[in-house]
Amino acid sequence: MRTEPSAPPRPFFEAAGGSPTSRRLLLISPRFPPAQDVGALRWQKMARYAAERGWELDVITFPPEYVESPEWRTLADLPPGTRVYGIPSPVVPIARLIDSVWRLLRMLRSKVANHASDDVGASTSPGPQGRPDSLLRSEIRWSLTELRTYVRAYNVWVTCAVAARWARQASALARHILAPGVHDAIISSGPPHAAHDAARLTSRYSGIPFVIDMRDVLGLTQRFLESVASPLMFHVIQRQERRLVNEAALVVVNTDVVRSAMIQEYPEARDRILTVTNGFDDDSLPR
């Protein structure tokens with residue numbers, strides 16, 4: 001049975017004026033225009049320096065519908081030939097099932113509590129849990145008797161499962177985009193680490209070297225969101241970052257302080273760790 005070849009992927013944005021003979025870079029960055037946060041701004045501005053050195057960009061990021069308050073004008077700032085592709089955040093079926101059951105249980109518990117309060121002539125509603133927004137690394141530990149310990153570990157598992165699935169999908173898309181003799185490097189910008197994993201997988205497949213742009217080094221983070229403040233997170237981060245650093249052609253961080261800390265953690269990669277700072281605009285500040 002003959003099967004038709006799959007259609008080539010199409011970008012949701014392409015800056016006009018590109019050259020068919022230009023060398024290209026593949027950038028995998030979940031944060032990119034039309035998003036407006038710092039992660040998106042870093043490579044929105046860095047793209048012009050790549051263009052000055054003769055490279056045009058192919059970018060894999062989240063599609064616009066996954067961006068809160070997209071700013072379409074930021075796309076106009078991208079240099080000619082930039083192509084932007086979207087990969088949505090995937091769903092893990094078993095996690096969706098568990099979340100549905102958990103919401104149902106909470107709804108039933110709320111109804112029982114409201115019914116009990118009506119019997120005593122008072123109207124109450126479930127109050128906040130009183131949890132902090134985040135925890136210091138030194139405060140995070142296992143507790144066999146505390147339910148929240150297991151909930152946090154589950155949240156870490158879900159986060160990692162979603163990230164791994166996105167990385168595989170991004171890598172599959174990258175294989176369609178890469179052109180032999182055209183793309184010189186694969187660059188990943190994160191967090192999330194899903195971007196770096198996607199670049200690593202694509203590099204293994206294609207033989208093209210990959211560069212990690214670590215806007216934040218999770219292994220050095222001292223405070224975590226309460227929902228994922230689990231020792232399991234430390235284990236996952238340490239294992240993942242060591243594998244990435246070992247396989248990357250270059251590891252880029254954004255301050256010299258972080259570079260020193262990374263070299264202390266990974267002395268064998270000293271010559272491959274470098275600093276590229278965030279820039280700033282020369283606009284005059286208002287009084």
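**Exercise 1. Work out what share of the contacts between residues at least 6 apart in sequence join residues at least 24 apart.**

Solution. Start with contacts in this predicted model between residues at least 6 apart in sequence: 77% of them join residues at least 24 apart. Next, look at what the chain is built from: six helices and 10 strands. Then check burial: 39% of the 287 residues count as buried. Finally, turn to the outside, where the accessible surface comes to about 17,100 Å², with 56% of that belonging to carbon and sulfur atoms.

**Exercise 2. Trace the open sheet of eight strands and find its edge strands.**

Solution. Step one is to write down the order, β1-β4-β3-β2-β6-β7-β9-β10, and note that the pairing is mixed. Step two is to look at the ends: β1 (13-14) and β10 (273-275) each pair on one side only, which makes them the edge strands. Step three is to zoom in on β1. This strand pairs with β4 (residues 83-86) in the antiparallel sense, over two bridges. You can spot Glu14 standing opposite Arg83 in β4.

Now add the helices. Helix α1 (residues 38-52) packs on the sheet and touches β2, β3 (55-61), β6 (183-190), β7 and β9. The direction of α1 makes about 155° with that of β3. Helix α4 lies across β2, β6 and β7, and runs at about 160° to β6.

**Exercise 3. Find which residues have the most contacts inside the largest nonpolar core, and which element supplies its largest share.**

Solution. First, the core: it has 33 residues, and those with the most contacts inside it are Leu26, Ile28, Ile60, Trp166, Ile186, Val251 and Met262. Second, the suppliers: β2 (23-28), α3, α4, β7, α5, β9 and α6 each give at least two residues. The largest share, six residues, comes from α3. Apart from this core lies another one, of 16 residues, including Leu25, Leu27, Val84 and Val252.

Third, pick one member and follow its contacts. Leaving out neighbours within four places in sequence, Leu26 is in contact with residues including Asp58, Ile60, Ala174, His183 and Ile186.

**Exercise 4. Compare the reach of helix α5 with its expected span, then say what its buried residues pack against.**

Solution. Helix α5 (residues 231-247) has 17 residues. From first C-alpha to last, α5 reaches 25 Å, close to the 24 Å expected at 1.5 Å a residue. Its buried residues are Pro231, Met233, Phe234, Ile237, Gln240, Glu241, Leu244 and Val245. They pack against α3 (147-177), α4 (194-206), β7 (210-214), β8 (223-225), β9 (250-253) and α6 (256-265).

**Exercise 5. Decide whether Arg152 is buried or exposed.**

Solution. Locate Arg152 first: helix α3. The cut-off for buried is under 20% relative accessible area. Arg152 counts as buried because its relative accessibility is 11%. Not counting residues up to four places away in sequence, Arg152 touches Leu135, Glu226, Ser227, Val228, Ala229 and Ser230.

**Exercise 6. Find the cis peptide bonds at Pro34 and Pro191, and the positive phi at Ser69.**

Solution. Keep the usual pattern in mind: most residues other than glycine have a negative phi, and most peptide bonds are trans. Now go through the loops. Between β2 and α1 you meet Pro34; the bond from Pro33 to Pro34 is cis, with omega near 20°. Between β6 and α4 sits Pro191, joined to Gly190 by a cis peptide bond with omega about 20°. Last comes Ser69, in the loop between β3 and β4. Ser69 isn't a glycine, yet its phi is positive, about 55°.

Note on methods
Residues numbered from 1 in each chain as written. Predicted model: local features only at pLDDT ≥ 70, side-chain atom pairs only at ≥ 80, totals over all residues. Heavy atoms only, no water. Helix = DSSP H or I, 4+ residues; strand = E, 2+ residues; numbered from the N terminus. Expected span 1.5 Å × (residues − 1). Buried < 20%, exposed > 50% of the residue type's maximum accessible area, 1.4 Å probe, protein only. Contact = heavy atoms within 4.5 Å. Core = buried A, V, L, I, M, F, W, Y, C linked by side-chain atoms within 4.5 Å. Pairing = 2+ DSSP bridges. Axes fitted to C-alpha atoms, helices over the stretch in contact; angles between N-to-C directions. Areas by Shrake-Rupley, 256 points an atom, 1.4 Å probe, with all protein chains shown as cover.
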